[in-house]
Amino acid sequence: MCWIAKSFVRGLSFSVKYYPKDNHLPALCLCSTIKPNKCHILDWSRSSCNSTVPPGRILSWRLFSCKEGTKIHFKRKKITSITASELLYKDLLKSEQENWNKISRSYKAMTKRIKEKIEELHNKYTLHLESPRIRFGGNVYFEENGDIFCSKADDDKGNVRILFSTEDMGFSGTFIKRIRVSPDERYLAIGLKSENSEEAACVIMKLGDVPIVEEVIPNVFSFEWATNDVLYYTSQKNLKCQNVFMTTFTNEKYTKLVYTEQDARFFVDIHCTKDRRFLTINSNSKTTSEVWLIDCRHPFKLPVLVQARTKGVIYHIEHRNNELYILTSYGEPAEYKLMKASVASTGMENWQLVYALEEKTKLIDLEMFRDHCIMFLQKGGCLYLNVIAFVSHSVQSTQLPTWACAFELESHPEHASSTCYFQLTSPAHPPRRFAYSFKENNLIEQAAEEVPIIMNCHTTRLLAKSKDETLVPITVFHNTNSKELHRKPLLVHVYGAYGIDLNMSFREEKLMLIEEGWILAYCHVRGGGELGLRWHKDGCQQNKLKGLHDLKACIMLLHELGFSQPKYTALTAASAGGVLAGAICNSDPELIRAMVLQAPFVDVLNTMMKTHLPLSIEEQEEWGNPLADEKCMKYIKNYCPYHNIKPQCYPSVFITAYENDQRVPLTGILRYVQKLRKATLDHASRTGKEGNWIPNIILDIQASGSHCDSSWEDSLTEKATRDADRLKLTNSSLSTSPSIPCISHQHCLTAMKMQTPLLKQGVAPTGLTNKQLLGSTEIKASLSLGDSAVLQHQ
């Protein structure tokens, strides 16, 4: 699931402007590819201790990995078969690359046009956005284009000092993942990640008149300063973290192992409390947590356990006034709640409730300040900001703008800050900056005058009734000027795994599609995290088919309400979202015309049977353990995309995969594509009707990038290619498709805004009754009404 603790204990952290947040680290030593030949390295090597391997908790970017790990040594007879398998893999890879090179020629003109349009939108809406500027003491730190700068907080003349440059210091091919400044600002720790793999390193800069690289620590996932010269960090290997080290930058430098996690289901990371009193060693599986404290006043003492792990209980720690504030799922209902306990008595029996969420409310993020705690919540599709005042023991709730679907909380390293800054966004609305003042108790939009406001996008929120009567949220975006929505192309998004929400932040290509007449629909199916921890639990392990039923209900409702129709519908998913997308492609292929997948996980059963893969044991809490449970094996086999391919009429499929992907192995995708192609040909030969449509099954293997990550330039080309393919696949076999717009200005559609009808027994929007809505002349009588869903109109 998407851990709230990532922001809950957020310190001074930057991320690259164009790097997606649901990002996602690993096996190769960074030193082998990153050569700092333009800077003075004082000490390159580290202690020999960091050869140990770590376990797994799911982070927002830890979608799914099944890297074909280290080869196991067999008898000589077996080695021949491995070599043959590798040769077959190379032949398939070469064949697919040659096939793509031929096919991609027909995409060049359209891809170029789309790329230019995306760049135009980027320059118009997001190029002006500044990187976060973080005040630390009397200085302000910020990152731009791989460089880290520092300026005086009170300097109005724009004088800045460069502290680090990835290019100039020889770290090309990497991007800055995060930074941590030591309390006295003498050292700067920088997390670097390679663009073409998930390997990472921590670079320690000694700040002075001329900043120099003090040390490079390879294979590091997270790190925090305990004191001015003591750094704690976790080592990573094969996507796992289980060891915590302490290293000093005193006159007598040394490194020692301070914690090892023994359970392969758990993943370890390090955070610092907002007031810098404690470092927390967080060991988490998908369902269970355990936290150890390191007192920053005594960094050499052994870690102290907060509460021993209890199956099914997740918790994260903050600190204020000698009390621990605990964000936890402990107690009923099993959703997040805020509790507290004395530092002297941290056991679960001493936890006291501070704040519990209302029913069906999702806690998205939380940030602690000296006298306040700020919560970002989601309820009924809308975002809310709740502020808890510790002094007055009051709670103030503010509804955020209804167009907002996602937010980005800015870093607030100063515990005593009186203002909380954040950005609101949606797939069709560029980020807009807001500030909440604790002194004034009000919300202020920090709007830049040059940022154009999106006026031509309409947002509709739906509830589809699934097979078991559960109501499943859908968020729909379309151009306000579009008419005849049933003839417009529809792009359906789905994920539904790990408790991770669909990415609802702004993307230029999404806005482009809306401007060109597309309808975008986001299906918040079970298995994701949109409605809290229970929503995730109801869609994992023996409940995975519920997510499939949810997706089917969502697509059918969209068509029933007049949002496009099957022959104009494309489905898109990434990583673990490929499970539900691939499953519905097998079970109900008539619902969609095309499917566009990015690094899809399509072979659940074979992957989970291979426990030697780095994350298979960790992922058992999400998918189950087919080796130990025959019932689980049969259940997975019942929905696994690869195992359920059969001769039938499939939609066209476009897949982007990555040679360097350590999470979803290319071998599984190659097998899936080969089997799918064979099934479509078998179906065509069996039916034998003249003019039968054979779908396009296209695989684009990217040599650069790793599991949905790539540089801005590569990502731009990839987005343009995927959008071009959506058009081609959706258009490819239609004898008549007058309403499918091309991606060019002259084909923009303008017409009267069409309102979506309310269902007979639905919920009326605020201020209007069902009778008033049903009598409105804007409602199209031609749209069929049913009682299979509830519609809320915005």
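Buried residues are those with under 20% relative accessible area, exposed residues have over 50%, and partly exposed residues lie in between (1.4 Å probe, protein chains only). By this criterion strand 28 is mostly covered, with eight of its nine residues buried. Helices (H or I, at least four residues) and strands (E, at least two) are DSSP runs, numbered from the N terminus. The structure is a predicted model, in which local features need pLDDT of at least 70 and side-chain atom pairs count only at pLDDT 80 or more, while totals for chains, interfaces and linings use all residues. Residues are numbered from 1 along each chain as its sequence is written, and side-chain values use heavy atoms, with hydrogens and water left out.

The surroundings of strand 28 make a convenient starting point. Two strands are taken to pair if DSSP finds at least two bridges between them. Strand 27 and strand 28 do so in the antiparallel sense over seven bridges, and tyrosine 421 has alanine 435 of strand 28 as its bridge partner. These two strands form a hairpin with two residues between them. On to strand 29 (residues 442-445): strand 28 pairs with it in the antiparallel sense over four bridges, and here tyrosine 436 is matched with leucine 443 of strand 29. Strand 28 and strand 29 also form a hairpin, with four residues between them. In that turn asparagine 441 has a positive phi of about 55 degrees.

Strand 28 also takes part in a charge pairing. A salt bridge is a side-chain nitrogen of Lys or Arg within 4 Å of a carboxyl oxygen of Asp or Glu, and a search of the whole structure finds 31 of them. Side chains of opposite charge can pair when their charged atoms come close. Glutamate 410 and arginine 433 form one such bridge, with their closest N and O atoms 2.9 Å apart. Glutamate 410 lies in the loop between strand 26 (406-409) and strand 27 (419-426), and arginine 433 in strand 28 (residues 429-437), so the bridge ties together parts that are 23 residues apart in sequence. Glutamate 410 counts as buried because its relative accessibility is 12%, whereas arginine 433, at 31%, counts as partly exposed.

Another salt bridge joins the side chains of lysine 379 and glutamate 358, with an N to O distance of 2.7 Å. Lysine 379 belongs to strand 23 (residues 372-379) and glutamate 358 to the loop between strand 21 (352-356) and strand 22 (362-368), so this pair links parts that are 21 residues apart in sequence. Here lysine 379 is partly exposed at 33% relative accessibility, and glutamate 358 is exposed at 53%.

Aspartate 550 and arginine 526 offer a buried example: their closest N and O atoms are 2.8 Å apart in a salt bridge. Aspartate 550 sits in helix 6 (residues 544-560) and arginine 526 in the loop between strand 33 (519-523) and helix 5 (533-537), so parts 24 residues apart in sequence are tied together. Both aspartate 550 and arginine 526 are buried.

Helix 6 itself is largely enclosed by the rest of the structure, because twelve of its 17 residues are buried. Among them are Leu545, Leu548, Leu551, Ile555 and Leu558. The expected span of a helix is 1.5 Å times one less than its number of residues. For helix 6 this gives 24 Å, and its end C-alpha atoms are 25 Å apart, which agrees. Just after the helix, glycine 562 takes a positive phi of about 90 degrees.

Elsewhere, helix 3 (residues 108-125) and helix 4 (residues 508-515) have axes that come within 9 Å and cross at roughly 110 degrees. Helix 3 is therefore roughly perpendicular to helix 4. Axes are lines fitted to C-alpha atoms, for helices over the stretch in contact, and angles run from 0 to 180 degrees between N-to-C directions. Angles under 35 degrees count as roughly parallel, over 145 as roughly antiparallel, 65 to 115 as roughly perpendicular and the rest as oblique. With contact meaning heavy atoms within 4.5 Å, the residues of helix 3 that meet helix 4 include Ile114, Lys117, Ile118 and Leu121, and their counterparts in helix 4 include Leu511, Met512 and Glu515. Lys117 and Glu515 are also linked with Glu120 in a network of salt bridges.
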